[in-house]
Amino acid sequence: MTHIVRLSDYRRRKPKRTYFNRTELSQLLSLYSDHVSRGEWRDYAIDHGGGIAVFSVFRHAHDKPLFAIVKTMSPRGPDFAVFDDKRKLRRASSLPEALDVFVRKLTLVTD
């Protein structure tokens, strides 16, 4: 008896690469430039892996990232998350919603 086996059924499928598009990069770099002008951030890095894109910001080039903005692809579209070290600060289906975590809230100061 001969049994034909399709190797493509057993090969691991490589996840498609995920990238930030031009609009997303513009939003990320705008946020980055605002924090650089305040002296809070000094460096950034963009990484692309299998199914994930990461925009990391640093206080110093040799430190670990202060924040990482992550884009992953799901069947319903892109998902964005903002991490502070290992803690997830916000998850959203659009980048502006995820970046709302960086909007400063005004507080009333009284004597």
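Which residue forms a salt bridge with glutamate 24? Keep that in mind while we walk through the fold; what you have in front of you is a predicted model.

Let's start with the layout. The protein chain has two helices and five strands, and reading from the N terminus you go through them as α-β-β-β-β-β-α. So much for the order along the chain; now for the sheet. The five strands make an open sheet in the order S1-S2-S3-S4-S5, and the pairing is antiparallel. Strand S1 (43–49) and S5 are the edge strands, each pairing on one side only. On average, neighbouring strands here are turned by 20° against each other, if you ignore direction. To get a feel for the pairing, look at S1 and S2: they run antiparallel and are joined by seven bridges. You can pick out one residue pair, too, since aspartate 47 has valine 54 in S2 as its bridge partner.

Next, the interior. The protein chain has 111 residues, and 28% of them count as buried. In soluble globular proteins, nonpolar side chains tend to be buried together. Here the largest nonpolar core has 17 residues, and those with the most contacts inside it are Leu28, Trp41, Phe55, Ile69, Leu99 and Phe102. Both helices take part: helix H1 (22–37) and helix H2 (95–99) each supply at least two residues of this core, and so do strand S2 (52–58), strand S3 (67–74) and strand S4 (77–84).

Isoleucine 69 is a good place to stand and look around. Leaving aside neighbours within four places in sequence, isoleucine 69 is in contact with Phe20, Leu28, Ala53, Val54, Phe55, Ala81, Val82, Leu95, Leu99 and Phe102. For the chain as a whole, take the contacts between residues at least 6 apart in sequence: 33% of them join residues at least 24 apart.

Now back to the opening question. The partner of glutamate 24 is lysine 71, with the closest N and O atoms 2.9 Å apart. This salt bridge links distant parts of the chain, as glutamate 24 sits in helix H1 and lysine 71 in strand S3, 47 residues apart. And is this pair buried or exposed? With a relative accessible area of 8%, glutamate 24 is buried, and lysine 71, at 7% relative accessibility, counts as buried as well. Side chains of opposite charge can pair when their charged atoms come close.

That salt bridge has company: a search of the whole structure finds six. Among the residues involved, Arg76, Asp79 and Arg91 are linked in a network. Aspartate 79 forms a salt bridge with arginine 76, where the closest N and O atoms are 3.5 Å apart. Aspartate 79 also meets arginine 91 in a salt bridge, at 3.3 Å from N to O. Because aspartate 79 lies in strand S4 and arginine 91 in strand S5 (residues 87–92), that second pair ties together parts that are 12 residues apart in sequence. Burial varies across this trio: aspartate 79 is buried, at 12% relative accessible area, arginine 91 counts as partly exposed at 44%, and arginine 76 counts as exposed at 63%.

Finally, step back to the outside. The accessible surface of the protein chain comes to about 8,700 Å², and 53% of that belongs to carbon and sulfur atoms.

Terms used
Residues numbered from 1 in each chain as written. Predicted model: local features only at pLDDT ≥ 70, side-chain atom pairs only at ≥ 80, totals over all residues. Heavy atoms only, no water. Helix = DSSP H or I, 4+ residues; strand = E, 2+ residues; numbered from the N terminus. Buried < 20%, exposed > 50% of the residue type's maximum accessible area, 1.4 Å probe, protein only. Contact = heavy atoms within 4.5 Å. Areas by Shrake-Rupley, 256 points an atom, 1.4 Å probe, with all protein chains shown as cover. Core = buried A, V, L, I, M, F, W, Y, C linked by side-chain atoms within 4.5 Å. Salt bridge = Lys/Arg side-chain N within 4 Å of Asp/Glu carboxyl O. Pairing = 2+ DSSP bridges. Axes fitted to C-alpha atoms, helices over the stretch in contact; angles between N-to-C directions.
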